[in-house]
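Welcome, and please open your viewer. We will go from the whole chain to a single side chain, one selection at a time.

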Amino acid sequence: MPRALSAAAPRPENRAFDLSGNVEVEGLSATAAADLQRARICLAEGQWDEGIEILRRLSDQGAESLAPIGPRRFVSLREFCQVQLAALPAEALALYRRRVDDQAGRWYAEGIREGNAALLKRVVDEAFASSWGDKALDRLAQEALERGDTAAARWCWQRIVPPSAAVESLPVAPVPADSGAGMPAWAAWPAFPDSKLDLAAIRARLVLCSIVEGSLDRARSEWAELSRQHPTARGRWGGQEVCYAEAVRQMLDEAAGWLPLPGLADWPTFGGNVQRNGRAGLPPDPAGPRWRVQCAPRDRPGDAIGRPRASDDRPFFPVVWQQLVFFHDGTRVVALRLDDGRPAWGEGDGTIYRDAWDDAPLDRPLPDETFGTPRYTLTAADGRLFVRLGDPVTGRPLARAEHRPNSLVCLDLASQGRLVWKAAAEPDWAFEGSPVAADGRVFVAMRRQGVRVQAHVACFDADNGRMLWRRFVCAAESPGKGALYECSHQLLSFDHGTLYCNTNLGAVAAIEAESGRIRWLALYPRVAGGDALHPTSHWQRDPSPCLVNRSIVFVAPADSPHIFAYDAASGQLLWQSTEQLAEATHLLGTCGPWLLAGGARLYWIAIDGPQGGRPLRRWPEGAGGPGVGRGVLAGPWVLFPTRETIEVFEAASARHRRTIPLAPFGVKGGNLLVAESLAEKTDNPEAENWGTLLMATADQLVAFSNTAGPRPPSPVPLTATQPPPRANAAVDSSPFGKEMAVLRK
């Protein structure tokens with residue numbers, strides 16, 4: 001939290017800053033922009049041959065640069081050109097297909113014969129409007145649904161069905177006029193032209209996507225569209241002849257009784273999982289501290305300007321992996337046993353790694369006039385622990401030439417925390433926070449200092465720390481504006497091969513994890529400025545990673561008082577919160593129709609329908625709130641920490657169930673997480689098992705034991721995301737065959 005100025009320097013009354021609304025992205029070169037304009041003129045005048053050739057050439061060259069698809073949304077120039085080719089009139093489309101169909105057909109045939117998804121993607125990326133584009137999309141969508149990637153499946157199928165149907169299938173709350181809705185025809189996103197595929201079957205599968213996601217309201221709306229457009233359409237699915245509308249209605253009726261997916265046993269990263277949408281499997285029943293340890297640095301850094309004092313801050317975000325608890329303070333990494341809080345290995349205080357640099361100690365106080373506060377997160381994955389250590393300062397006054405690097409370290413947990421590799425940030429660069437790990441790689445947000453701060457995303461080999469790629473996302477002004485020190489701690493999210501990056505610089509981006517190419521980038525309105533000494537609450541949204549809920553990406557940027565929802569596949573803005581929610585500093589997770597957000601208060605924000613983006617329930621009512629720290633979803637409950645209590649609510653209904661006082665234990669509220677502990681688990685089938693609650697306060701890590709009393713009755717889940725484990729008969733008898741197999745997962 002922002003620190004007070006030293007006694008030798010008088011404290012200014014304010015430190016006003018203005019933020020430009022200009023956000024720089026990797027846009028089109030002057031030559032590419034001129035070529036696009038020439039193509040536009042040629043097509044408008046019926047000069048099909050020249051216009052098509054310009055678009056084909058730009059498509060071949062435009063995988064990296066971004067083109068505007070609306071006032072606040074960008075896609076790669078390649079995809080932009082494919083969109084324009086798909087919108088050609090029939091005469092021009094026939095000319096285009098005569099030139100590309102042979103090659104696209106070979107790619108498609110080989111992709112089907114060899115099971116090569118890369119070749120099918122090549123058809124879509126480089127020859128979308130060819131006669132083979134819809135067939136490649138359909139095959140890719142079916143494969144995506146089988147592996148549970150409903151966002152990718154939906155994106156493919158919605159590029160085949162007419163866009164009016166796809167848009168009408170999900171009513172959303174009104175969005176700002178400049179958000180991209182109502183964009184001109186040139187920038188509109190057309191469906192595949194003149195597809196001969198069974199559109200009724202595709203619309204039925206879109207309903208299936210929503211059922212798999214547990215978005216039953218959306219599924220009902222899509223079913224209504226299917227029934228309106230294809231009331232009697234029939235086809236063979238799973239070896240049976242069915243009426244699509246009737247079969248989908250049967251699935252919807254069955255889905256209402258399915259149980260929710262099981263929750264997490266461990267809590268291996270911030271937010272519980274790489275989507276930052278974790279829910280613990282076992283709810284806790286806290287009775288009192290089982291153990292506690294100090295987690296603050298020996299010499300605490302001073303407060304930073306513009307935020308509450310450090311004594312009110314909760315900077316520690318521990319993780320749990322295989323009955324071990326890990327946390328760090330920027331210098332040392334500590335490993336403890338979950339059951340009793342003793343060192344995981346050996347004696348001492350549990351320190352398994354201590355970072356050090358030759359030039360200066362790392363535990364010195366923050367410099368005077370630092371905007372922001374240190375945050376301490378970690379990620380455990382595949383038997384390794386990934387941590388950002390070193391100097392928490394990510395931005396310095398431009399007049400200062402000093403370089404105090406921070407670094408990423410990888411520790412081998414099978415060898416009691418042995419250092420595997422360490423990667424230091426170059427001068428003028430900083431790692432924003434701990435990485436997200438997936439598929440043998442680690443991905444991390446990076447910041448480059450300058451007059452305008454640059455946001456980048458980097459990819460490293462998880463085995464040796466070698467950088468594989470680094471992608472520029474955007475550049476914009478930050479509150480420090482090159483005159484203050486700044487602390488930031490931005491985290492990435494990951495889902496099915498895509499990284500999602502909230503920059504807190506006016507932009508959100510989706511990035512291909514394999515290549516580092518930006519799939520889409522969306523801009524949001526930033527605040528015009530503020531006072532660094534007395535900033536509004538939304539500047540406390542740090543860390544503030546995107547929260548991914550299958551086909552929707554939720555974002556709570558630090559530089560806006562609003563919360564935003566984007567379509568995960570396209571970046572289309574679905575809604576912007578209907579009121580300023582500056583006090584909502586943490587996105588906790590989703591439950592049925594709700595996005596839960598915490599901070600000073602606890603909010604239930606509607607996800608779908610005309611109410612999307614509205615906080616329909618909140619606790620407490622009225623101005624302000626007692627919340628402090630990050631809450632957690634566990635089983636059917638949401639636990640919300642305040643300074644003196646932990647409040648327990650039914651996540652689905654917002655009904656208050658219990659108040660747990662903290663004063664008798666001599667602790668204040670803090671960041672919560674819940675994990676399954678063997679010390680609390682019993683093999684007795686008649687007994688109730690509980691999760692272990694951990695709370696990280698300003699300077700302590702506290703583990704709570706559970707009561708011996710019976711568990712309070714669980715509320716009935718509001719939504720369905722999985723069939724009952726007792727009976728797969730409904731799935732086995734479904735006419736949708738292998739498409740339903742994903743529901744077993």
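Start with everything selected. Among the contacts in the protein with a separation of 6 or more, 63% are made by residues 24 or more positions apart. Keep in mind that this is a predicted model. Now switch on the cartoon view: the secondary structure comes to twelve helices and 42 strands. Of the 745 residues in the protein, 61% are buried. Next, try a surface view. The accessible surface comes to about 27900 Å², and carbon and sulfur atoms account for 50% of that area.

**Stop 1: the cores**

Hide the surface and select Tyr96, Trp157 and Tyr566. These are the residues with the most contacts inside the largest nonpolar core, which has 82 residues. Helix 9 gives the largest share of this core, ten residues.

Zoom in on Tyr96 and show its surroundings. What does Tyr96 touch, leaving aside residues up to four places away in sequence? Its partners are Ile52, Arg56, Gln82, Leu85, Leu88, Glu126, Ala127, Ala129 and Ser130.

Then select Tyr376, Ala634, Leu662 and Ala703. They are included in a second, separate core of 35 residues.

**Stop 2: helix 11**

Select residues 244–255, which form helix 11. Try your viewer's distance tool on the C-alpha atoms at its two ends: they are 16 Å apart. Twelve residues at 1.5 Å each should span 16 Å, so the model agrees with the expected value.

Now colour Tyr244, Ala245, Ala247, Val248, Met251, Leu252 and Ala255, the buried residues of this helix. Turn the view to look down the axis of helix 11: these buried residues fall within an arc of 165°, so they line one face. There is a general pattern to remember here: an α-helix has 3.6 residues a turn, so residues three or four places apart point the same way.

Which exposed residues sit on the face of helix 11 turned away from its buried side? Select Glu246 and Asp253 to see them.

To find what covers the buried residues of helix 11, show helix 9 (199–213), helix 10 (216–229), strand 4 (234–237) and strand 5 (240–243), which are among the covering elements.

**Stop 3: Glu650**

Finally, select strand 38 (residues 645–650) and find Glu650 in it. Is Glu650 buried or exposed? Its relative accessibility is 7%, so Glu650 counts as buried, the cut-off for buried being under 20%. Show side chains here as well: the side chain of Glu650 makes a polar contact with the side chain of Ser653, at 2.5 Å.

Technical notes
Residues numbered from 1 in each chain as written. Predicted model: local features only at pLDDT ≥ 70, side-chain atom pairs only at ≥ 80, totals over all residues. Heavy atoms only, no water. Helix = DSSP H or I, 4+ residues; strand = E, 2+ residues; numbered from the N terminus. Expected span 1.5 Å × (residues − 1). Buried < 20%, exposed > 50% of the residue type's maximum accessible area, 1.4 Å probe, protein only. Arc of directions from axis to C-beta. Contact = heavy atoms within 4.5 Å. Core = buried A, V, L, I, M, F, W, Y, C linked by side-chain atoms within 4.5 Å. Areas by Shrake-Rupley, 256 points an atom, 1.4 Å probe, with all protein chains shown as cover. Polar contact = N/O pair within 3.5 Å; in protein donor to acceptor, adjacent residues only side chain to side chain.
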